[in-house]
Amino acid sequence: MNGYHYSPLGHIEVICGSMFSGKSEELIRRLRRAQIARQRVMIFKPALDDRYGEDEIVSHSQQRIPAFVTRGSADILDHLGDRTQVVGIDEVQFFDSGVVEVCNRLANMGLRVVVAGLDQDYRGVPFENVAQLMAIAEYVTKTLAVCARCGAPANRSQRLIASDERIVVGASGMYEARCRRCFDPEPQAQFAIPLEQAAPTAPTQKPD
Ligand SMILES: [Zn+2]
């Protein structure tokens, strides 16, 4: 034993769950431990707008760690340092599908790859990248939030605003964590039709 957990054998760790479940928190915790063990760590996150370059990952509890903002999965390989031992990727569900192969390649090269992301979208449909990464990973951690309605363990992200875009970036006020029972995958209907039009029409009189 060398006193820390870095192993020359690469592997993939997936941290996934709903919004507000502490995924980034757990990612930051693991990467901080690797840094304390003096491993060379690089962290990547996807660009959701025009931002590119140096940035940081911030958890809901304001834990921060420097990260590189990438335009796509190929950027990860382009910017990887020669001696990097641990690669962290946040918001992996927002990367292109090539990220699965990139993670696999890095693990095959002997790197420890820790990814965090949403496992399901606002309809409860799995994000493809995360589903595939869970299948090929050595370690999967499911983080659970607390249901905003009933307090039960929650694994769904309830969208509170009207949009059928798969990705609407935001946090408090736009989404809340819900359990399986309280989750409503089709709340769109209540926003899509103005209330007066949605009122049931009077039944037509049956002709005699
Ligand atoms: Zn609930």
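**View 1. Phe 127 is a buried residue of this predicted model.** Its relative accessible area is 4%, and the cut-off for buried is under 20%, so Phe 127 falls within that class. The ring of Phe 127 has a partner in Phe 94: the two centres are 6.5 Å apart and the planes stand at 85°, so this pair is edge-to-face. Distant parts of the chain are linked here, with the two positions 33 residues apart in sequence. Phe 94 sits in the loop between strand S5 (86–89) and helix H3 (99–108), while Phe 127 belongs to the loop between strand S6 (112–118) and helix H4 (128–136).

**View 2. Here Phe 44 meets Phe 68 edge-to-face.** The whole structure holds two aromatic pairs. In the one shown here, the distance is 6.4 Å centre to centre, with 75° between the planes. Phe 44 comes from strand S2 (residues 41–46) and Phe 68 from strand S4 (residues 64–70), so the contact ties together parts 24 residues apart in sequence. Take a look at the surroundings, too: Phe 44 and Phe 68 are both buried.

**View 3. Strand S10 (residues 156–159) is covered on both faces.** In a regular strand, side chains alternate between the two faces of the sheet. On one side of S10 you will find Arg 156 and Gln 158, on the other Ser 157 and Arg 159, and all are buried. Strand S11 (residues 175–178) pairs with S10 in the antiparallel sense over four bridges; among the residues of S11, Ala 177 is the bridge partner of Ser 157.

**View 4. Arg 159 lies over the face of Tyr 122.** The distance to the ring centre is 3.7 Å. You have already met Arg 159 as one of the buried residues of S10.

Methods:
Residues are numbered from 1 along each chain as its sequence is written. This is a predicted model: local features need pLDDT of at least 70, side-chain atom pairs count only at pLDDT 80 or more; totals for chains, interfaces and linings use all residues. Side-chain values use heavy atoms; hydrogens and water are left out. Buried means under 20% relative accessible area, exposed over 50%, partly exposed in between (1.4 Å probe, protein chains only). Two strands pair if DSSP finds at least two bridges between them. Rings of Phe, Tyr and Trp (its six-membered ring) pair if their centres lie within 6.5 Å; planes under 30 degrees apart count as stacked, over 60 as edge-to-face and the rest as tilted. A charge sits over a ring if NZ of Lys or CZ of Arg is within 6 Å of the ring centre and within 35 degrees of the ring normal.
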